[in-house]
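Welcome! Here is a set of short exercises, each followed by a worked solution. Try each task yourself before you read on.

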Amino acid sequence: ALVRDIFIFACFTGLAFVDVSTLKKEDMVQDNNGDWWIRKGRIKLMHRRKASSICNIPLLPVPLAILKKYQKRILSPSSLQSENEQHLKEIADFCGIKKNITTHVARHTFGTTITLANNVPLQDVSVMLGHASTRMTQHYARVMNASLKKSMIHVKEQLTQ
C-alpha cells in the first residue's frame with residue numbers, strides 16, 4: 001500500500017523518488033488562502049548547485065489525502081528504489097498492466113496527463129518539476145494528440161470569425 005501511495009503521490013506532484021523520500025514537514029507550506037504547497041529543493045540538482053532547483057507545487061486533493069493518511073510520518077519509502085520498483089512491477093502484474101512501471105513513470109505522468117493535458121502552461125510545469133529551463137520539461141512532456149487537436153480547433157474557430 002505504501003509503494004502504491006508513493007507512486008500515486010508522485011503522479012500528482014511530479015516529485016522524483018529521491019525527492020519524495022527526503023520530503024519533510026518543513027517542505028509543506030500553507031499560503032494565505034489556506035492552500036497547501038510543496039516548496040522543496042531538488043536533491044539531484046542541489047548536489048550540482050543549480051540555482052533554480054526548487055520545486056514549487058500546489059497540492060491537489062489526491063496528494064493531500066495521501067499526506068493526511070501518513071501525517072504521523074511524512075511518506076517514508078524504503079531507501080532502496082530498486083525494492084520499490086520491484087513492488088511496482090508486482091502491482092502492475094496484478095493489475096494486468098504491461099508497461100514497465102517505475103517511479104520515474106509517475107514524474108512523466110505528472111508532466112503529461114496531470115498538467116499539460118489539462119492546459120497548464122509549459123513554463124508552470126517547468127517550475128513545478130524544478131527544472132532549470134523549459135527545454136528539460138519539453139523532454140519530459142510528450143505532445144499529446146488531444147492537445148494538438150484542441151489547439152487546431154481553436155485556430156479553426158479563430159479563422160472562421
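**Exercise 1. Find the handedness of the crossing of α1 and α4, then describe how the two helices pack.**

Solution. Step 1: the crossing of α1 and α4 is left-handed. Keep in mind, here and below, that this is a predicted model.

Step 2: identify the partners. Helix α1 covers residues 2-13 and helix α4 covers residues 61-69. Their axes lie 9 Å apart, at an angle of about 145°.

Step 3: list the residues that touch. From α1 come Arg4, Asp5, Ile8, Phe9, Phe12 and Thr13. From α4 come Val62, Pro63, Ile66, Leu67 and Lys69.

Step 4: sort the residues of this contact by character. The contact of α1 with α4 has 7 nonpolar residues, 3 charged and 1 polar.

**Exercise 2. Work out which strands form the open sheet, and in what order.**

Solution. Step 1: the open sheet has 3 strands, in the order β1-β2-β3, with antiparallel pairing. As general background, strands of a sheet pair through backbone hydrogen bonds, either parallel or antiparallel.

Step 2: look for the edges. These are β1 (28-30) and β3, each of which pairs on one side only. From one strand to the next, the twist averages 25°.

Step 3: go through the pairs. Between β1 and β2 there are 3 bridges, and Met28 stands opposite Ile38 in β2. Between β2 (residues 36-41) and β3 there are 5 bridges, and here Lys40 stands opposite Cys55 in β3.

Step 4: compare the two faces of β3, which spans residues 54-58. Cys55 and Ile57 are on the covered face, while Ile54, Asn56 and Pro58 are on the uncovered one.

**Exercise 3. Decide how α6 and α7 are oriented to each other, and explain why.**

Solution. Step 1: start with the geometry. Helix α6 (residues 103-115) and helix α7 (residues 122-129) have axes 11 Å apart and pack at an angle of about 150°.

Step 2: draw the conclusion. Because of that angle, α6 is roughly antiparallel to α7, given that angles over 145 degrees count as roughly antiparallel.

Step 3: add the handedness and the contact. The crossing of α6 and α7 is right-handed. Arg107, Phe110, Gly111 and Thr115 in α6 meet Val125, Met128 and Leu129 in α7. The contact of α6 with α7 divides into 4 nonpolar residues, 2 polar and 1 charged.

Step 4: visit the loop between α6 and α7, where you will find Asn119. Asn119 has a positive phi of about 65°, although it is not a glycine. For comparison, most residues other than glycine have a negative phi.

**Exercise 4. Is Ser126 buried or exposed? Then ask the same of Asn100 and Leu60.**

Solution. Step 1: take Ser126, which sits in helix α7. Its relative accessibility is 2%, so Ser126 counts as buried, the cut-off for buried being under 20%. Not counting residues up to four places away in sequence, Ser126 touches His131, Ser133, Thr134 and Thr137.

Step 2: take Asn100, in the loop between α5 (81-95) and α6. With a relative accessible area of 58%, Asn100 is exposed, since exposed means over 50%. Asn100 and Leu88 are 12 residues apart along the chain, and their C-alpha atoms are separated by 8.7 Å.

Step 3: take Leu60, in the loop between β3 and α4. A relative accessible area of 36% makes Leu60 partly exposed. Leaving aside neighbours within four places in sequence, Leu60 is in contact with Phe12 and Ile114. The C-alpha atoms of Leu60 and Asp35 are separated by 9.2 Å, with their positions 25 residues apart along the chain.

**Exercise 5. Step back: how many helices and strands does the protein chain have?**

Solution. Step 1: the protein chain has 9 helices and 3 strands. Read along the sequence, they follow the pattern α-α-β-β-α-β-α-α-α-α-α-α.

Step 2: look at burial across the chain. Of the 161 residues, 36% are buried.

Step 3: look at the reach of the contacts. Among contacts between residues at least 6 apart in sequence, 56% join residues at least 24 apart.

Note on methods:
Residues are numbered from 1 along each chain as its sequence is written. This is a predicted model: local features need pLDDT of at least 70, side-chain atom pairs count only at pLDDT 80 or more; totals for chains, interfaces and linings use all residues. Side-chain values use heavy atoms; hydrogens and water are left out. Axes are lines fitted to C-alpha atoms, for helices over the stretch in contact, and angles run from 0 to 180 degrees between N-to-C directions. Helices (H or I, at least four residues) and strands (E, at least two) are DSSP runs, numbered from the N terminus. A crossing is left-handed if the near helix is turned anticlockwise from the far one by less than a right angle, and right-handed if clockwise. Contact means heavy atoms within 4.5 Å. Ala, Val, Leu, Ile, Met, Phe, Trp, Tyr, Cys and Pro count as nonpolar, Asp, Glu, Lys and Arg as charged, and the others, Gly among them, as polar. Buried means under 20% relative accessible area, exposed over 50%, partly exposed in between (1.4 Å probe, protein chains only). Two strands pair if DSSP finds at least two bridges between them. Angles under 35 degrees count as roughly parallel, over 145 as roughly antiparallel, 65 to 115 as roughly perpendicular and the rest as oblique.
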